[in-house]
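Me: I'm new to reading protein structures, and I'd like to go slowly through a single part of this one. Could you take a close look at how one helix packs against others, and then show me where that part sits in the whole?

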Amino acid sequence: MKLRILFLRLISLVTYIFLWAPVIVIIVFSFSANKYGIKWDGFTWKWYAALLENDMVRETCLRSLVIALITVVVSTFLGTITAYGLYKLKFKGKQLLRTSILLPIVMPEVVTGAALLLFFIKLSPLQLGYTTIIIAHIVFSTPLAVFVILGRMQRIDWSWEEASMDLGATRLSTFRRVIGPLLMPGIAGAAALIFPWSFDDFVITYFVSGIGNTTLPIYVFSQLRHGSTPVINVIGTLFTVITLIGLLATKMAEKRSRTARL
Amino acid sequence: MATTAESRLAESSRVQTASPETSGEREMKRRHRFQVATYLGPIMFVQVLFVLAPLSFILMFSVLKTGPYGNIVFELTLENYRNLLDTGYATVFFKSIYYALQTNFVCILLSYPLAYYIARYGGRWKASLLLLIVIPSWTAYIIRLYALKTILGSNGLINNFLIDLGVIQLPIQFLYTSYAVSAGLVYTWLPFMVLPLYAALEGLDSSLWEAAKDLGATPVRRFFRVTLPLTRGGLLAGTLLVFIPSLGDWLVPHLLGGSKFMMAGTLVAHKFTAAGDIPGGSCLAAALAFVLLLLIYFVIRFGGRESLEQAL
């Protein structure tokens, strides 16, 4: 009995170390004076200073942020109305539609990327660039939003909706004042999933971005070709720290709202 | 005469009683159709234009020819598919499937005990322990692979450590080997196996264990007869989430395997971006998609549709 728990603990520990070691290495080496950023040569802030002066990083980071924000807004909206339709309505071909919505996430990214690239250059009047990147991100993010929000819909009490409509509220105001707030955890969850998904995406973006429309991950990739640079460590550290802060903030807000309700 | 008049009368009365009903029904139907169009019209538009059309486009291009100058010749041919069988591509495909299976297997071996530990012994740390699995995967994929490179490289952490210890004199080549690719694939996709397994194990009713124990089942027997069958859904969901992306992975073999290491994903990307052989690339992409759809079909067959949607 004891031995079994010890064994489970050991495997768990090894797995945690495996998952965290690279992240910790990045954070530690972002403060190392070594000019390739691959070993410890004493403490320095200079790579952080270098990052602030790096226009490319600032520019591509801003671009990735804008793309991710637009993607989050459009795909959560689209996801919400789609999930509502799928949940409420019965019609022919519903199962087919559900399956087809899953396609962009079950296809490997190279296939989706290649298909979209081919479509954009051969059939659409669009030039490769921002528009195509945003369309591609919406295409692979919306399915996530649909199924996360659908999951939430299965858990809420729909008699609230009936009550609201019986009391004379229109469908729209019922949605805005009753169903919307009930769905909010699902919508927020979808947004929290999609934002990093879109911000980090490399493969599909690489296919549809065309020349010169660099996002942050593509910039990092181009830097990797020139060998190691400590700036990548700094970017990685900031990524992790920002994610952690966002996560802790969500947890705190959750806790506060829970205690407020009690 | 009378009969025709009677029948006409009957007919007209039937029409009269029926007509308000049908118009009401029609009204209902019209409203229903309107609702379907408002709520689901936009997604259908996106699906048809940006998912189904591009994927059919891939299929279409896969039966065209590449001309001598890399141009596309509009002439139907199965040459690309024949190439797939004749040249080394088939080997690359089988190799990719092998790596994806291996990744999946190692992920299960590592994730099952971990998920089991969190679900049964996590106590009040459950949420935190799960977060500790998710957080590393939220640091951009490309940056984490770069970190793995830093650790595995000939000038990297492991080699430096071993040389400093005096275990080895010359660095061992870890990077740009198949081992590095395997490690990278497991590293990248591991969290996607842990989460569905955890969900499945957490949902298990612990009274089932008690019952099995009371009935005299040994721990091993309990695991294989109770726990494992009941977490089949989680295993299938995790398999979909790990097998699919690792089969089509491009960056891991590209960055950790070196330029000569080819997997299906690398090959597709290479054909499209570097070689400019669109028909050849389309054919490879179509074959890759086909393999995956086959897999998904089997998962739905044996695990039910829920396991697919539960995966999300």
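Reply: Sure! Keep in mind that this is a predicted model. Let's pick helix α7 of chain B, which covers residues 178-202, and see how two other helices pack against it.

When two helices pack, people describe the pair by the angle between their axes and the distance between those axes. So we'll look for both numbers each time.

Start with helix α3(B), residues 89-121. α3(B) passes α7(B) in a right-handed crossing. Their axes are 7 Å apart, and the angle is about 45°. That's why this pair counts as oblique. As for what the contact between α3(B) and α7(B) is made of, you'll find 21 nonpolar residues, four polar ones and one charged one.

Now swing over to helix α4(B), residues 126-138. Here the crossing with α7(B) is left-handed. The two axes come within 10 Å and cross at roughly 150°. Angles over 145 degrees count as roughly antiparallel, so that is the label for α4(B) and α7(B). You can track down the residues yourself: on the α4(B) side, look for Leu130(B), Ile133(B), Val134(B) and Ser137(B). They meet Pro191(B), Val194(B) and Tyr198(B) of α7(B). By class, this contact has six nonpolar residues, one polar and no charged.

Okay, let's zoom out. Chain B has 14 helices and two strands. It is 312 residues long, and 40% of those count as buried. If you take the contacts in chain B between residues at least 6 apart in sequence, 69% of them join residues at least 24 apart.

Chain B also touches chain A, with 70 residues from chain B and 68 from chain A taking part. On chain A's side, helix α1 (residues 2-29) gives the most, with 16 residues. That side of chain A has 54 nonpolar residues, along with 10 polar and four charged.

For one last stop, find Met107(A), in the loop between α4 (94-106) and α5 (109-122) of chain A. Is it buried or exposed? Count the other C-beta atoms within 10 Å: there are 23, so Met107(A) is buried. Setting aside its neighbours within four places in sequence, Met107(A) is in contact with Thr112(A) and, over in chain B, Ala289(B).

Technical notes: Residues are numbered from 1 along each chain as its sequence is written. Chains are lettered from A and ligands numbered from 1 in the order in which they are written. This is a predicted model: local features need pLDDT of at least 70, side-chain atom pairs count only at pLDDT 80 or more; totals for chains, interfaces and linings use all residues. Two residues are in contact if their C-beta atoms, placed from the backbone, lie within 7 Å. Helices (H or I, at least four residues) and strands (E, at least two) are DSSP runs, numbered from the N terminus. Ala, Val, Leu, Ile, Met, Phe, Trp, Tyr, Cys and Pro count as nonpolar, Asp, Glu, Lys and Arg as charged, and the others, Gly among them, as polar. Axes are lines fitted to C-alpha atoms, for helices over the stretch in contact, and angles run from 0 to 180 degrees between N-to-C directions. Angles under 35 degrees count as roughly parallel, over 145 as roughly antiparallel, 65 to 115 as roughly perpendicular and the rest as oblique. A crossing is left-handed if the near helix is turned anticlockwise from the far one by less than a right angle, and right-handed if clockwise. A residue is buried if 20 or more other C-beta atoms lie within 10 Å of its own, exposed if 12 or fewer, and partly exposed in between; C-beta atoms are placed from the backbone.
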